[in-house]
Amino acid sequence: MRIIGTGRAHPSKVVTNAMLEQFLDTSDEWIKERTGMSERKIITSEKLEDLATEASILAIKDAGIEPTDIDYIICSNVVNEYVTPGLSCIVQGKIGAKCACVDVNAACSGFIYALDMADDRIRSGKAKNILVLAAEEPTRMVDWSDRSTCVLFGDGAGAVVVTGGKGLIGSRLTTVSKTDCLYYVRKLEPTPYITKEENAGPMYMNGREVFKTAVLSSSFDIKRLLDKAGLKPTDIKYYLLHQANMRIIEAIANQLQLDMSYFPHNVDYCGNTSSASVALLLDELHRSGKLQNGDKLVMSAFGAGFTTGACIIEWNK
Ligand code: COA
């Protein structure tokens, strides 16, 4: 597959570190130093489905096709107001597409998993044009009185359209069941028969554990992919890493012995937008004219599960 269109949508509310200082025992200095974040964009009156729709329409326009030319939609999403139907089904109706739809939840790695699934479907001949989107509102999963988590996240939606072509050089997905360092548990409706104990609560995260695992797994994935493709780290124009923390990005750059010019970032003004982060960044690069045909890009993400997904693509729009 190759990517032929991209799009993104952000919520309109910008929340700065100074605004967080007003109700949390935190500081602009702490947040910037430990995360690299200055502000994040957060859902207020918007619905995630509307951001997902806006991003999708932009990607389809950029691809130069019509919504009815899309023959499969894959949406990466962790939470939204609906448990069912899937967000992909809602977006399909809003953009006027007529095709099969599916949601995937591979946490923050979901966009890379969705791209990999799209490639399989195109290779098998079962689809021609696929809309792959990642729409996330992690700000609805955290406790807003917990300074160690709520400052980290932002919301947003990114989308791409893919079609047949030589754009995917390699991909690598891994999952290690390690559910105790990052999770969010919701309570289901009661029934007259439930006897088990049930828990619910905001997102739990062991930040230090996630930090270490993220740096090691992401740099390992990237090195394996480069080796397999016979490429040197400097053959890649940009590394689009999951935007969880600027220090994680710097640590991965260090592992690869590359300077930061290879690592574009939006974590500074978007926060961690879960699986949307890499898709948002890709659209930003494309629309600011930073990508030329033939450029090789690495995308790499990690998240709850623990999941990782990485791929090397050649930009060939
Ligand atoms: N403002 C001020 N102080 C804060 C704070 C905040 N927003 N959040 C935590 N602190 C405090 C802690 O309470 C702790 O205080 P103590 O030493 O008195 O106990 C101190 O800062 C250090 O906390 P620690 O958790 O060790 O900081 P850290 O350097 O590991 O940074 C994270 C914390 C969360 C920023 C960092 O661990 C991280 O980014 N982890 C990865 C998270 C991630 O990527 N999640 C998503 C995965 S998809």
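These notebook entries record what I looked up in a predicted model of a two-domain protein chain with a ligand.

**Ground rules.** I am working with a predicted model, in which local features need pLDDT of at least 70 and side-chain atom pairs count only at pLDDT 80 or more, while totals for chains, interfaces and linings use all residues. Residues are numbered from 1 along each chain as its sequence is written, and side-chain values use heavy atoms, with hydrogens and water left out.

**Domains.** I looked up the domain assignment (bounds come from an automatic or database assignment) and noted domain 1 as 2-166 and domain 2 as 169-314. Their C-alpha centres lie 14 Å apart, and the contact, meaning heavy atoms within 4.5 Å, takes 51 residues from domain 1 and 45 residues from domain 2.

**Interface area.** For the buried area, which is the accessible area (1.4 Å probe) that two parts lose on being put together, summed over both, I noted about 3700 Å² between domain 1 and domain 2, with 62% of it from carbon and sulfur atoms.

**Polar links across the interface.** I counted as a salt bridge a side-chain nitrogen of Lys or Arg within 4 Å of a carboxyl oxygen of Asp or Glu, and between domain 1 and domain 2 the count is one. I also looked up polar contacts (pairs of N or O atoms within 3.5 Å; within protein, one must be able to donate a hydrogen and the other to accept it, and residues adjacent in sequence count only if both atoms are side-chain atoms), and the rule finds 23 residue pairs across this interface, both residues at pLDDT 80 or more. On the side of domain 1 that touches domain 2, the residues divide into 23 nonpolar (Ala, Val, Leu, Ile, Met, Phe, Trp, Tyr, Cys and Pro), 15 polar (the others, Gly among them) and 13 charged (Asp, Glu, Lys and Arg).

**Ligand surroundings.** I found 23 residues around the ligand (each with a heavy atom within 4 Å of it), the closest being Thr26, Arg34, Arg147, Arg208 and Asn245. A polar side-chain atom of Thr26 lies 2.6 Å from a ligand nitrogen atom, whereas a side-chain N or O atom of Asn245 is 2.7 Å from a ligand oxygen atom, and for Trp30 the corresponding distance to a ligand oxygen atom is 3.3 Å.

**Salt bridges.** The count comes to 13 salt bridges, and one that I followed up joins Arg147 and Asp25 at 3.5 Å, N to O. Arg147 lies in helix 6 and Asp25 in the loop between helix 1 (17-21) and helix 2, so this pair ties together parts that are 122 residues apart in sequence; helices here are DSSP runs (H or I, at least four residues), numbered from the N terminus.

Terms used:
Helices (H or I, at least four residues) and strands (E, at least two) are DSSP runs, numbered from the N terminus.
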